[in-house]
Amino acid sequence: MALRRKIPSHSALLAFEAAARHGSFARAADELSLTEGAISRQIGRLESFLGLSLFERIGNRVRLLPKGQRYARQVRDILERLDHESQYLMGQPDDGASLDIATLPTFATRWLIPRLARFQRLHPHITVHLAERMDPFALPGSGFDACIHFEHPAWSGAHTHPLMQEELVPVCHPALLGPDGAAPALDALPRLHRRQNPDAWERYAAETGTPITHPAIGPRYDLHAMLIEAALAGLGVALVPRLYVEADLAQGRLAAPWPPASPVAKTFCLVLPSPIELSSEPLQAFARWLLGEAHASARSARSAP
């Protein structure tokens with residue numbers, strides 16, 4: 001026989017959270033459109049339910065006790081998550097399905113989102129929600145249906161599907177090139193850095209035999225997306241994954257006259273909690289579409305000059 005959950009009433013928790021946040025029963029009453037007496041009664045019922053005092057009453061003033069402060073933080077977090085999940089469900093179509101996908105932010109903005117319209121045309125009943133995750137995490141219990149990230153030991157036990165390889169290439173605004181479009185020496189141009197890879201230019205110089213006198217000098221940015229925007233603004237040369245700038249190179253917004261780095265830096269992969277064939281139909285559809293898009297992108301990159 002299951003034990004009955006010891007959960008206070010929703011009204012009591014709302015009254016307590018508001019009173020704790022404001023440090024006042026009166027202001028909590030104004031926020032919740034109740035009387036101060038109603039707030040006091042709700043909190044009294046909550047204290048009786050818990051068997052302890054949450055507030056210290058000093059005349060007409062109240063002050064949270066240490067246990068009340070800890071409980072207030074927990075209640076606030078639970079109520080915020082409940083509000084978020086409720087609004088999420090309210091926004092779902094009755095006759096459709098939805099997927100929550102965690103992804104690297106620049107991969108999402110520079111590669112995935114520009115292709116999502118094709119998925120929507122094929123599967124108009126499936127809504128894809130994207131969230132940014134820079135670091136690997138435990139996929140089970142995370143609330144995500146899948147993740148798009150680099151291969152990493154953290155995905156041990158999950159089902160990973162390689163998508164494409166990350167090839168780094170130096171790019172800059174065409175205005176930084178010579179009058180005939182020739183590539184100037186990299187030492188003659190400002191070099192832009194990604195903060196998480198401070199030795200990228202040093203490794204590039206060693207791999208390609210390109211002379212760079214001071215490879216660590218230059219401004220640093222957190223994301224590849226920032227590096228690309230800085231290159232588009234003519235601030236210098238950025239060493240970025242080619243797959244992020246394919247459209248910019250094809251349309252002449254960026255130039256890449258220098259040799260690329262080693263063919264394989266990292267491998268992007270799709271991470272699933274179970275095999276594709278055992279996943280839900282919406283997740284199967286997304287996974288197979290994504291693998292097809294990745295293979296097409298890799299073929300296009302191989303045939304590029």
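Here is a short tour of a sheet, a helix that crosses it, and two residues worth finding in the structure above. The model is predicted. At its heart for this tour is an open sheet of 5 strands with mixed pairing. As you read, try to locate each element in the 3D view.

**The sheet**
- The strands follow the order β4-β3-β5-β11-β6.
- β4 (126-132) and β6 (159-166) stand at the edges; each has a single partner strand, so one side of each is left without a neighbour in the sheet.
- On average, neighbouring strands here are turned by 20 degrees against each other, direction ignored.
- Strands of a sheet pair through backbone hydrogen bonds, and they can do this either parallel or antiparallel.
- For a parallel example, look at β3 (residues 97-103) and β4, which are joined by 7 bridges.
- Within this pair, Thr103 stands opposite Glu132 in β4.

**The helix across the sheet**
- Helix α5 (residues 105-122) lies across β3, β4, β5 (146-150), β6 and β11 (266-272).
- This helix runs at about 175 degrees to β4.

**Two residues to find**
- Ser33 sits in the loop between α2 (25-32) and α3 (36-50).
- Although Ser33 is not a glycine, its phi is positive, at about 55 degrees.
- Is Ser33 buried or exposed? Ser33 is exposed, because its relative accessible area of 68% is over the 50% cut-off.
- His224 belongs to helix α7 (residues 224-232), and it is buried, with a relative accessible area of 9%.
- Beyond its neighbours within four places in sequence, His224 is in contact with Thr106, Glu166, Arg194, Leu239, Val240, Pro241 and Tyr244.

Conventions
Residues numbered from 1 in each chain as written. Predicted model: local features only at pLDDT ≥ 70, side-chain atom pairs only at ≥ 80, totals over all residues. Heavy atoms only, no water. Helix = DSSP H or I, 4+ residues; strand = E, 2+ residues; numbered from the N terminus. Buried < 20%, exposed > 50% of the residue type's maximum accessible area, 1.4 Å probe, protein only. Pairing = 2+ DSSP bridges. Axes fitted to C-alpha atoms, helices over the stretch in contact; angles between N-to-C directions. Contact = heavy atoms within 4.5 Å.
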